[in-house]
Amino acid sequence: MLTAEELATRIQRVQCAIAQAAERSGRDPRAVRIVAVTKGMERPLIDLAYQLGLRIFGENRVQEAQEKFGNVPLPSDAALHLIGHLQTNKVRIAVRLFSMIHSVDRLPLVHELERRCERLGRRMPVLIQVNVAREPQKHGCTPEEAPSLVEAVLASVHLDLRGLMTIAPLTAHAEDVRPVFRQLRRLRDDLEQRFGISLPELSMGMTNDFPIAVEEGATLVRIGRALFGERDGGNHLVR
Ligand SMILES: *Cc1c(COP(=O)(O)O)cnc(C)c1O
């Protein structure tokens, strides 16, 4: 159960933790934006989060996002990002719903995204998802595969490559994931050099580890539980 006051407090707490982490690493806190992860949350709670100032929302499943936002889109100054795995057969719907896709991780997906965005006459900002820690159960390309994906996205005129995304392993100590975030940033730097491009966005950090991700250069932190509580089905808005 969550009241408006509680949600406001939680948002402030997260913003404060981001500002402190940015300060520790000499970064401008305004360079870090919150992607409020609303999977499992109902629309009234999401609308309240919007009223309280959040502007970027992240969903990890196309189907669920379509149910929640397909008929009633977010206000035009808000953005909906796809942060979860994208099946090729969901691309047609995804390119209508989302304003950024964080999970581009294989060539056939690049080609299908390009085809569908061309048909829709829009250019889609995308991130390449890298499985930095090489966890077998996780999606994302390997660091070695990243250059060929970059090449394919750059060749796709309806895709706008903005940066990289990773999901860090679950660890008992948040500090253990720092090398993962650092490797993503270094990979980004290498790719910028190699291709002579700018990749401004690093989507990394979640509830358990976002301060460390900010210290390591995150520009988009994907935060669910720290804002909305545990996803146990009890996250209703109390009026
Ligand atoms: C659920 C999810 C998050 C948010 O996780 P929390 O631990 O609730 O902050 C971030 N990124 C992805 C890809 C997710 O699926």
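This passage describes the ligand site, helix H6 and residue Arg43 in a predicted model.

In the predicted model, the ligand sits in the largest pocket, where the residues that surround the ligand are Val37, Lys39, Asn60, Ile83, Ile167, Met206, Thr207, Arg222, Ile223, Gly224, Arg225 and Arg231. Three of these residues, Lys39, Arg225 and Arg231, place polar side-chain atoms at short computed distances from oxygen atoms of the ligand. For Lys39, a polar side-chain atom lies 2.6 Å from a ligand oxygen atom, while an N or O atom in the side chain of Arg225 is 2.8 Å from an oxygen atom of the ligand, and a polar side-chain atom of Arg231 likewise lies 2.8 Å from a ligand oxygen atom. Of the 390 Å² of accessible area that the ligand has on its own, the protein covers 93%.

Helix H6, which spans residues 146-154, contains the buried residues Ala146, Pro147, Leu149, Val150, Ala152 and Val153. The elements that cover these buried residues include both strands and helices, among them strand S5 (100-104), strand S6 (124-129) and strand S7 (159-165), together with helix H5 (107-120) and helix H7 (178-195).

Arg43 is located in helix H2, which comprises residues 43-51. Because its relative accessible area is 15%, which falls under the 20% cut-off, Arg43 is classed as buried. When residues up to four places away in sequence are not counted, Arg43 touches Lys68, Phe69, Val72, Pro73 and Leu74.

Note on methods. Residues numbered from 1 in each chain as written. Predicted model: local features only at pLDDT ≥ 70, side-chain atom pairs only at ≥ 80, totals over all residues. Heavy atoms only, no water. Buried < 20%, exposed > 50% of the residue type's maximum accessible area, 1.4 Å probe, protein only. Helix = DSSP H or I, 4+ residues; strand = E, 2+ residues; numbered from the N terminus. Contact = heavy atoms within 4.5 Å. Near = heavy atom within 4 Å. Polar contact = N/O pair within 3.5 Å; in protein donor to acceptor, adjacent residues only side chain to side chain. Areas by Shrake-Rupley, 256 points an atom, 1.4 Å probe, with all protein chains shown as cover. 1 Å grid on protein atoms, 1.4 Å probe; cavity = no way out; pocket = protein on both sides within 12 Å on 5 of 7 lines; lining within 4 Å. Sits in = over half its atoms within 2 Å of the grid points.
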